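Please open the model in a viewer and keep the selection tool at hand. The stops below are meant to be followed in order.

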Amino acid sequence: MVNVLEHCRIAPPPGSVDDCSLPLTFFDIPWINFPFLKLLFFYESAHSKAYFVETIIPRLKHSLSLTLKLFFPLSGNLIFPTDGSTPEIRYMDGDSVSLVFAECSSDFDHLSGNHQRHDTVFHSLAVQISSTSTKFGPLLVPILAIQVTKFPNSGICIGFTLHHAAGDANAFFRFVRSWASINKMGGETELRIELPFYDRTVVRDPIGLRSAYWNHYGKMKNEVYHYQPSTDYVRAGFILRRADVQGLKRRVMSEQVSTFAVICGYTWSCIIKAQVTSGEHFGDNELQHFGFTADCRALSDPPIPAAYFGNCTMGVVVTTKSKHLIQEDGFTVAAKLIGEAIQERIRKNKEGILKGMQKWLQDLKSLNRTRMVTVAGFPRLNVYNMDFGLGRAKKREQLIRESVNFFTLNGSKDNDEDFEVGLRLPKAKMDVFLEIFTNGLKARSSL
């Protein structure tokens, strides 16, 4: 049960930011109809409710205002003009972020563990965002909302609801890390933070991808999708130690296969095996797809600044037949395919990042989305190293609509050599996945 203590709105300091509009690039447009991202960070904290109300809340409000001065687009809205032209991100003086403070009676240690937990309990820890519009005006969709929830004498959860069209993981986690630093160290830290880079002209578009993407995605009905929890689904986290990863790599025996490819390949194959074992039916020759994104900042020519605020990722999809994934060492096929796709993408990027992106739309149309697994997360971003003055996060969760076959991959909170896979599945299927995943690692560690 969650009880709201306070609902406020936080804006950049008055007069600190001029009105500004940011056009969407072809990197942003594919995300305009994507469901809001909901990210939860759990922090251990034994502080009393009185300390939370009198000290933590005022400090978070003040530091968020200072941070929004630097990341002002997050205070604004995604604007859909009435004439059907391309949306834009618009900040106007006075725009603000919804910030909710609440308390929850649920068991913090239970929610922030890696064991199986019912999905429904996470739903109330992130804010729902609704679009607004006047009768004759444009549709306005808020970009960010935040909820901070206190658990009695045990911990705090900071939940973010974010529109993906505003930025990718690189951009968003720079904001979170900056807010955490300012909150922990004080306002003077603001002067040492690398400023976000907002100049959209660095995204070159000589072949008209922006127009082509808008012609495709702009025809889709725009609606705010609200995440709906299911009583049948559970969440679980799985830790892969360095020894586990090395054991998997030895089985693949390919110099081109990275740690990312091996972990994703292994998890993908385990998900498909769990589907088959739990009673799903598909033919041996039915195609299975795996999707991930690659950051394009450093790969662009010339390179786009690392601090560029916006989306700057390219989608990659690999495909193979079901029979290749469900065989005993099916993960080796998956890992090699992912590794080859990464190498191919890097090679093409050296020739120009725009090559083949027009074909991307046609490729997506031909995919069977019900046979597609995707991964979110970037281990190198070190998502657990965001200290608001409460230490490293104990747990991170990402909420996603239930129709998506999806898992997260992040670095471990304990050290830089281990990795964490997060998964959400129906209870019966999770039980099967757990057995396949853990037994597979044990078998390979003994080789």
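Begin by selecting residues 97-104 and 144-151, which are strands β6 and β10. In this predicted model, the two strands pair in the parallel sense over six bridges. For a single pair of partners, pick V100, whose bridge partner in β10 is Q147.

Next, widen the selection to the sheet around this pair. β6 and β10 belong to an open sheet of six strands, with the order β1-β6-β10-β11-β3-β16 and mixed pairing. Which strands stand at the edges? They are β1 (2-10) and β16 (395-399), and each pairs on one side only. Looking along the sheet, one finds neighbouring strands turned by 15° against each other on average, direction ignored. As a general point, strands of a sheet pair through backbone hydrogen bonds, either parallel or antiparallel.

Stay with β10 and move to the loop that joins β10 and β11, where N153 is placed. N153 has a positive phi of about 50°, although N153 is not a glycine. Most residues other than glycine have a negative phi.

Now add helix α3, residues 169-185. This helix lies across β3 (37-44), β10, β11 (155-162) and β16. Its direction is at about 145° to that of β11.

**The seven-stranded sheet**

Turn to the other sheet of the tour, an open one of seven strands. Its order is β7-β12-β18-β17-β15-β13-β14, and its pairing is mixed. Select β7 (117-118) and β14 to see the edges; each has a single partner strand, so one side of each is left without a neighbour in the sheet.

Select β13 (287-295) and β14 (313-321) together. They run antiparallel and are joined by nine bridges. On the other pairing of β13, three bridges join this strand to β15 (residues 372-376), and the two run parallel.

G291 is a useful residue to highlight here. Its bridge partner in β14 is V317, while in β15 its bridge partner is T374. Then select F290, which stands opposite V373 in β15.

Follow the chain into the loop between β13 and β14, where P302 lies. The peptide bond from D301 to P302 is cis, with omega near 0°. In general, most peptide bonds are trans.

**Helices α6 and α5**

Select α6, residues 259-277. α6 lies across β12 (233-240), β13, β14, β15, β17 (405-411) and β18 (419-426). Relative to β17, α6 runs at about 145°.

Add α5, residues 242-252. How do the axes of α5 and α6 cross? They come within 10 Å and cross at roughly 90°, which means that α5 is roughly perpendicular to α6. To view the contact, show the side chains of V245, L248, K249 and V252 from α5, and those of T259, V262, I263 and Y266 from α6. By class, this contact has six nonpolar, one polar and one charged residues.

**The second largest pocket**

The last stop is the second largest pocket, which holds about 840 Å³ of space. To find its centre, select F260, A294, D295, F378 and R380, the residues that lie nearest to that point among the 29 that line the pocket.

Which elements supply the lining? α3, α6, β13, β14 and α8 (330-351) each supply at least two residues. The largest share, five residues, comes from α8. Colouring the lining by class gives 16 nonpolar, eight polar and five charged residues.

Terms used. Residues are numbered from 1 along each chain as its sequence is written. This is a predicted model: local features need pLDDT of at least 70, side-chain atom pairs count only at pLDDT 80 or more; totals for chains, interfaces and linings use all residues. Side-chain values use heavy atoms; hydrogens and water are left out. On a 1 Å grid over the protein atoms alone, a cavity is a set of points where a 1.4 Å probe fits but cannot get out, and a pocket is an open set with protein on both sides within 12 Å along at least five of seven lines; lining residues have an atom within 4 Å of a point. Grid points are joined across faces, edges and corners, and a volume is the space filled by probe spheres set on the points. Helices (H or I, at least four residues) and strands (E, at least two) are DSSP runs, numbered from the N terminus. Ala, Val, Leu, Ile, Met, Phe, Trp, Tyr, Cys and Pro count as nonpolar, Asp, Glu, Lys and Arg as charged, and the others, Gly among them, as polar. Axes are lines fitted to C-alpha atoms, for helices over the stretch in contact, and angles run from 0 to 180 degrees between N-to-C directions. Angles under 35 degrees count as roughly parallel, over 145 as roughly antiparallel, 65 to 115 as roughly perpendicular and the rest as oblique. Contact means heavy atoms within 4.5 Å. Two strands pair if DSSP finds at least two bridges between them.
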